[in-house]
Amino acid sequence: MKNATKSRLLRVQLNMLIEQISSDIVIDTAYQWLCQQRKNDSHNNDIWSLRWYWTTIKPDIQQRLRAGEYQFGPLTEYRFPDQIVQVWQAADALVLKALTLVLTQYWAPVLSKRCFHLKGHGGLKAAVRETYAHLQTVPQQLSESEFSE
């Protein structure tokens with residue numbers, strides 16, 4: 001396949017992905033997810049502006065995605081005595097969720113089942129179970145005396 005043909009094919013595939021990501025069904029699904037995730041957020045959080053102006057903001061986000069002009073804003077950082085929490089702006093979180101919804105369909109079949117952090121791969125419990133099972137099959141390399149030194 002010639003480079004020009006490959007390039008055209010990649011552009012077509014990218015445009016198809018962008019159309020899926022910016023489609024009403026994907027954006028609306030991401031919006032519902034985001035509203036659920038942030039339903040208990042402070043009244044000062046930008047989720048409430050996004051919800052209030054959703055009918056105006058939605059087509060703007062879709063248009064910027066389709067035009068390749070969407071830019072993510074900076075994370076907001078909240079400092080607490082015991083931790084630092086960084087949060088995406090509501091519109092950015094929505095776009096990231098839309099990306100995740102679409103790209104998961106393409107990547108799920110080729111990702112290892114050992115990616116335990118992914119939904120449906122068993123999580124921490126599966127990672128611990130597999131590690132434990134592996135340790136049972138490996139001969140013990142270190143004696144107890146080596147640990148006490």
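**Salt bridges, a pocket and a nonpolar patch**

Glu-19 is partly exposed, with a relative accessible area of 40%, a value that falls between the limit of 20% under which a residue is called buried and the limit of 50% over which it is called exposed. The model in which this residue is examined is a predicted one, and the description below follows the salt bridges, then the largest pocket and a surface patch.

The side chain of Glu-19 meets that of Arg-66 in a salt bridge, with a distance of 3.5 Å from N to O. Because Glu-19 belongs to helix α1 (residues 3-21) and Arg-66 to helix α4 (residues 54-66), the pair ties together parts that are 47 residues apart in sequence. Arg-66, for its part, is partly exposed, with a relative accessible area of 41%.

Helix α4 also holds a salt bridge within itself: Asp-60 and Arg-64 both lie in this helix, four residues apart, which is about one turn of the helix, and the closest N and O atoms of the two side chains are 3.1 Å apart. Asp-60 has a relative accessible area of 37% and is therefore partly exposed, while Arg-64, at 24% relative accessibility, also counts as partly exposed.

Elsewhere, Asp-24, Asp-28 and Lys-58 are linked in a network of salt bridges, and the count of salt bridges in the model comes to seven. Another salt bridge joins Arg-79 and Glu-77, whose closest N and O atoms are 2.8 Å apart. Arg-79 is placed in strand β1 (residues 76-79), and at 61% relative accessibility it counts as exposed, whereas Glu-77, at 35%, counts as partly exposed.

Two separations between C-alpha atoms help to place this part of the chain in space. Arg-79 and Ala-98 are 19 residues apart along the chain, and their C-alpha atoms are separated by 28 Å. Gly-68, which is found in the loop between α4 and β1, is 63 residues from Thr-131 in sequence and 43 Å from it in space, C-alpha to C-alpha. With a relative accessible area of 65%, Gly-68 is exposed.

Attention can now turn to the empty space in the model. Rolling a probe the size of a water molecule over the atoms shows where such space is left. The largest pocket has a volume of about 370 Å³, and its lining is made by Lys-97, Thr-100, Leu-101, Leu-103, Thr-104, Trp-107, Ala-108, Leu-111, His-117, Leu-118, Lys-119 and His-121. By residue class, this lining divides into six nonpolar, four polar and two charged residues.

Some of the lining residues return in a feature of the surface. Leu-103, Trp-107 and Leu-111, which are among the residues that line the largest pocket, also take part, together with Tyr-106 and Val-110, in a nonpolar surface patch of about 490 Å². Within this patch, Val-110 is located in the loop between α5 (90-107) and α6 (123-137). Val-110 is exposed, since its relative accessible area is 60%, and this value satisfies the requirement that residues of a patch have over 30% relative accessible area.

How values were computed: Residues numbered from 1 in each chain as written. Predicted model: local features only at pLDDT ≥ 70, side-chain atom pairs only at ≥ 80, totals over all residues. Heavy atoms only, no water. 1 Å grid on protein atoms, 1.4 Å probe; cavity = no way out; pocket = protein on both sides within 12 Å on 5 of 7 lines; lining within 4 Å. Points joined across faces, edges and corners; volume = space filled by probe spheres on them. Nonpolar A, V, L, I, M, F, W, Y, C, P; charged D, E, K, R; others polar. Patch = residues over 30% accessible without salt bridge, like charges linked within 9 Å, V, L, I, M, F, W, Y side chains within 5 Å. Areas by Shrake-Rupley, 256 points an atom, 1.4 Å probe, with all protein chains shown as cover. Salt bridge = Lys/Arg side-chain N within 4 Å of Asp/Glu carboxyl O. Buried < 20%, exposed > 50% of the residue type's maximum accessible area, 1.4 Å probe, protein only.
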